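This report walks through a single protein chain, beginning with one residue and its contacts and then widening to the fold as a whole. The sequence and the coordinates are shown first.

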Amino acid sequence: SLGGYPRWELILAGFFTAALAAAGVNIFNRYADADRDKVIWPWRAIPSGRVKAYQALILTALFYLASLALCWVFFNPVSFYILLAAIILGSLYSSHFREKVGYLSLPPIEGLIFLCGWACFSPETVFTTVLPWYLYLLGFVWQTAHIMAHYVLHIRLDSAGRPVIQTPALFSRPSPETASRIVMGFAVLL
């Protein structure tokens, strides 16, 4: 470390590790959403035909492997396994959790990003101090507020003007008023 700061190569390795993992999860999300996007966002790469589904899967795998390799080479096993868990759970969120459990299955996964960042530079303290878990909760709370703030944008009106909510928040479909209260509660907590 330089005056208490990590070396530049570790900062860059951490940046690329996180960026590649996030890109891989995002591409997999687009792959999992291809049928839905044909209706909602037909101009996206897969529904428009600019990218084939198999190409998206190959790119996802390459990004996942590159991020995990960087994490293993530049950091430590603790951060590697946290990143691996985040990648697996992020992929499961896109393919299963979002539709079956709901949008709020994402915040516990989001918190892993904060925890992984901590583990990269202080793996020995991940399980011996509360600060990394406070950061985990910060990511969890922020993502919950963020999701619920945008949740009302996913509400459509049926032909009679009644709200129709396709995807659950967390095993249920709260009204716009309840979603707004959840946003306020988590924003205050944040």
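## A buried serine between two helices

Leaving aside residues up to four places away in sequence, Ser94 touches Val25, Phe28, Asn29 and Ala32. The model in which these contacts are found is a predicted one, and Ser94 itself is located in helix α5. Because its relative accessibility is 5%, which falls under the 20% limit, Ser94 counts as buried. Asn29, one of the residues that Ser94 touches, appears again below among the residues closest to the centre of the largest pocket.

A general point about helices helps in reading such a list of contacts. In an α-helix there are 3.6 residues to a turn, so residues three or four places apart point the same way.

## Overall architecture

The chain is made up of eight helices and two strands, and along the sequence these elements are arranged as α-α-α-α-α-α-α-β-β-α. Along the principal axes, the C-alpha atoms occupy a box of roughly 65 × 45 × 25 Å. The chain has 190 residues, of which 35% count as buried. When contacts between residues at least 6 apart in sequence are considered, 62% of them join residues at least 24 apart.

The accessible surface of the chain amounts to about 11100 Å², and carbon and sulfur atoms account for 71% of that area. As for charge, there are 13 positive and 9 negative side chains, and a distance of 7 Å separates the centres of the two sets.

## The largest pocket

How much space lies in the largest pocket? The computed volume is about 1300 Å³. The largest pocket is lined by 41 residues, and those closest to its centre are Asn29, Tyr93, Arg98, Leu106 and Gln143. Two or more lining residues come from each of the elements α1 (8–32), α2 (34–40), α5 (77–100), α6 (107–121) and α7 (131–151).

Which helix gives the most to this lining? The answer is α1, which supplies nine residues.

## The buried side of helix α6

Helix α6, one of the contributors to the pocket lining, also has a set of buried residues, namely Pro107, Ile109, Gly111, Leu112, Leu115, Cys116, Ala119 and Cys120. These buried residues of α6 pack against α5 and α7, two helices that likewise give residues to the lining of the largest pocket.

## Contacts around the start of helix α1

Leu10 lies in helix α1 and is buried, because its relative accessible area of 13% is under 20%. Beyond residues up to four places away in sequence, Leu10 touches Phe74, Phe75 and Phe121. Between the C-alpha atoms of Leu10 and Pro77 the distance is 15 Å, while in sequence the two residues are 67 apart.

Phe74, which is found in helix α4 (residues 53–74), touches Leu10 and Ala13 when residues up to four places away in sequence are not counted. Is Phe74 buried or exposed? Neither word applies, because a relative accessibility of 35% lies between the limits of 20% and 50%, so Phe74 counts as partly exposed. From Phe74 to Gly139 there are 65 residues in sequence and 24 Å in space, C-alpha to C-alpha.

Pro6 is placed in the segment before α1, and it too counts as partly exposed, with a relative accessibility of 27%. With residues up to four places away in sequence set aside, Pro6 touches Ile11 and Phe121; Phe121 is also among the residues that Leu10 touches. Pro6 and Glu177 are 171 residues apart in sequence, and their C-alpha atoms are 45 Å apart in space.

## An exposed loop residue with positive phi

Phe171 is located in the loop between β2 (163–165) and α8 (176–189). Its phi is near 60°, a positive value in a residue other than glycine. Because its relative accessibility of 63% is over 50%, Phe171 counts as exposed, whereas Ser94 in the opening section counts as buried at 5%.

Methods. Residues are numbered from 1 along each chain as its sequence is written. This is a predicted model: local features need pLDDT of at least 70, side-chain atom pairs count only at pLDDT 80 or more; totals for chains, interfaces and linings use all residues. Side-chain values use heavy atoms; hydrogens and water are left out. Helices (H or I, at least four residues) and strands (E, at least two) are DSSP runs, numbered from the N terminus. Buried means under 20% relative accessible area, exposed over 50%, partly exposed in between (1.4 Å probe, protein chains only). Contact means heavy atoms within 4.5 Å. Accessible areas come from the Shrake-Rupley method with a 1.4 Å probe; for residues, only the protein chains shown count as cover. Lys and Arg count as positive and Asp and Glu as negative; His and the chain ends are not counted. The place of a charge is taken as NZ of Lys, CZ of Arg, CG of Asp or CD of Glu. On a 1 Å grid over the protein atoms alone, a cavity is a set of points where a 1.4 Å probe fits but cannot get out, and a pocket is an open set with protein on both sides within 12 Å along at least five of seven lines; lining residues have an atom within 4 Å of a point. Grid points are joined across faces, edges and corners, and a volume is the space filled by probe spheres set on the points.
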